[in-house]
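Welcome! Have the sequence and the 3D view open side by side as you read, and take your time finding each part.

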Amino acid sequence: MLQSIATKAFRFRPVTAFKTSTKCVVLPGNTEVGSLVGRKSYSYYKSRVEETPDKYTGYETSFQEWKYVEKLIPPTHVPEPPQDPSTELPSGWRLPNPPKDCPYNVRRTKNHMIPAYLKIEDRGQVRYTYIRRVEGNIWQLEKDIGQWLQDNYPLKNIITRTNEISRCVIIKGDLVEDVREWLIAQGF
Amino acid sequence: MSMKSGSDWALALLRTLPRVNLGNLPREPYPKAPKRGHGQHGGKLHRGPQKGSFQRMSYPRLGWEPDNMPWYVRVPMENYYKNHHLKRQYPPLSLGNLQLLIDTNRLNVDEPIDVTAICNTKLFTVKPSERHYGFHLTADGIDTFKAKVNIEVQWVSEPVIAAVEKNGGTITVGYYDLHSLWAARNPMEWFRGGKPIPKRWIPPEDAIEFYTDPKNRGYLADPEKIAAERLVLSQKYGYELAKIEDDPKRDLLLKRKDPRQIFYDLEPGWVVNLRDKCILKPKDEALLQYYNN
């Protein structure tokens, strides 16, 4: 609607539109394109967007159905997950309950998920598993998880390394699902 | 026979004259063009111009097309990706991810789940600009799916339908055209623009069979046939079909959208005023006729 009125105003702009006076220039009404009375044609952005009310169709206002619109509003915050650590959920998600005497900790993300990711490098030829958000003794975590993976995959050469600046433990290969399973089993 | 007039004499003469045939036709009045000979009879230019390949009879080989690769040398074309940019895309949403969304309170099981609810999690979305026509509910994580939901997706396979109905839920497969999907994926942005809720169009010709098939739980299928197919599928996969009629969540599980409807309980043509928290309904006859058809 706004665009169509804009083109109309541009097309039928008279010579008086170029006057620099601050007075409101009243254009002659054009019966073909609709009434443009009251439009400041020399300043498009200050001009009225709406036309006269007889150009619009009628409507009725209703407040009854607003409750259905409220269901469509997305949450502004990440929803709180279930707070009972004993409940076993079908998806395998569990509330973090880290052991007390563990020298390291892996914190959940803001979405309450395990921070284990797959990173694909060299055009898909090399795959790394990243464990982020590690706190405490990062080398102990590297040793523990490397040992567990080596026991699970005896024929595989498990290569691990750490980046203590970015607090990452990096394992060569796509082992994200195993790492996630181990971290959840440990209580992180 | 008595000859009475000159015309009778002329006709009698005609009867005695020989018939016209190739042998008694006169020669043409003009002489024939001299024939250009070959070899010893002359015509050293070989019926061609005085230059070039035609005089020397070095004609191009058979099948030669100037400016074109010959058809027998051309690489055969296989249009494997032909019109791939026009095909409908359905980004996947696995049953495992759906269960995780429900477990972490991203999705409310007490409300019907549709494309708007999934997009409002802000973890999954569809891009109509890339010709995404909605979600494809895939079978990944089918063994751990335990939720009882009323879900509406845009593409589905048979084991997924069985997994949802085994838990006592219901599933509908509905089609959204791209214009209404823009409204469905982010309704707040749509309402903020002051645009009326659009009406859903019926599926295109090549998709209407899928969305009217009761085996796919299509939204245009006959509900009685869908009920029959639910029983057939439960017997095929060997589970006991839950009775929706006796379920306490009966109203939730049987809640369906109109084929023209995008949002539950909101009709096409309405304009949502977010500032005054009200809804503007059109009264014009032409608008009502357009949105109700």
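This report looks at chain A, then at two of its helices, and then at one helix of chain B.

## Chain A at a glance

Keep in mind that this is a predicted model. Chain A contains four helices and seven strands. If you walk along its sequence, the elements come in the pattern α-β-α-β-β-β-β-α-β-β-α.

Chain A has 188 residues, and 11% of them count as buried. What about contacts between residues that are at least 6 apart in the sequence of chain A? Of these, 54% join residues at least 24 apart.

## Two helices that pack in chain A

Two packed helices are described by the angle between their axes and the distance between the axes. Try this on helix α3 of chain A, residues 138-152, and helix α4 of chain A, residues 176-186: their axes lie 11 Å apart and the packing angle is about 120°. Angles over 145 degrees would count as roughly antiparallel, and 65 to 115 as roughly perpendicular, so α3(A) and α4(A) are oblique to each other. The crossing of α3(A) with α4(A) is right-handed.

Which residues bring the two helices together? From α3(A) come A:I145, A:W148, A:L149 and A:N152, and they meet A:D178, A:V179 and A:W182 of α4(A). Sorted by class, this contact holds five nonpolar residues, one polar and one charged.

## Helix α9 of chain B

Now turn to chain B, where helix α9 covers residues 223-237. Its 15 residues reach 21 Å from the first C-alpha to the last, close to the 21 Å expected at 1.5 Å a residue. How many of the 15 residues in α9(B) are buried? The count is one, and α9(B) is hardly covered. Just after α9(B) you will find B:G238, which takes a positive phi of about 75°.

## A closer look at B:L233

One residue to pick out in α9(B) is B:L233. Is B:L233 buried or partly exposed? A residue needs 20 or more C-beta neighbours within 10 Å to be buried; B:L233 has 19 inside 10 Å, so B:L233 counts as partly exposed.

Leaving aside residues up to four places away in sequence, B:L233 touches B:I161, B:A162 and B:E165. You can also locate B:N293, which is 60 residues from B:L233 along the chain. The C-alpha atoms of B:L233 and B:N293 are separated by 34 Å.

Key:
Residues are numbered from 1 along each chain as its sequence is written. Chains are lettered from A and ligands numbered from 1 in the order in which they are written. This is a predicted model: local features need pLDDT of at least 70, side-chain atom pairs count only at pLDDT 80 or more; totals for chains, interfaces and linings use all residues. A residue is buried if 20 or more other C-beta atoms lie within 10 Å of its own, exposed if 12 or fewer, and partly exposed in between; C-beta atoms are placed from the backbone. Two residues are in contact if their C-beta atoms, placed from the backbone, lie within 7 Å. Axes are lines fitted to C-alpha atoms, for helices over the stretch in contact, and angles run from 0 to 180 degrees between N-to-C directions. Angles under 35 degrees count as roughly parallel, over 145 as roughly antiparallel, 65 to 115 as roughly perpendicular and the rest as oblique. A crossing is left-handed if the near helix is turned anticlockwise from the far one by less than a right angle, and right-handed if clockwise. Ala, Val, Leu, Ile, Met, Phe, Trp, Tyr, Cys and Pro count as nonpolar, Asp, Glu, Lys and Arg as charged, and the others, Gly among them, as polar. The expected span of a helix is 1.5 Å times one less than its number of residues.
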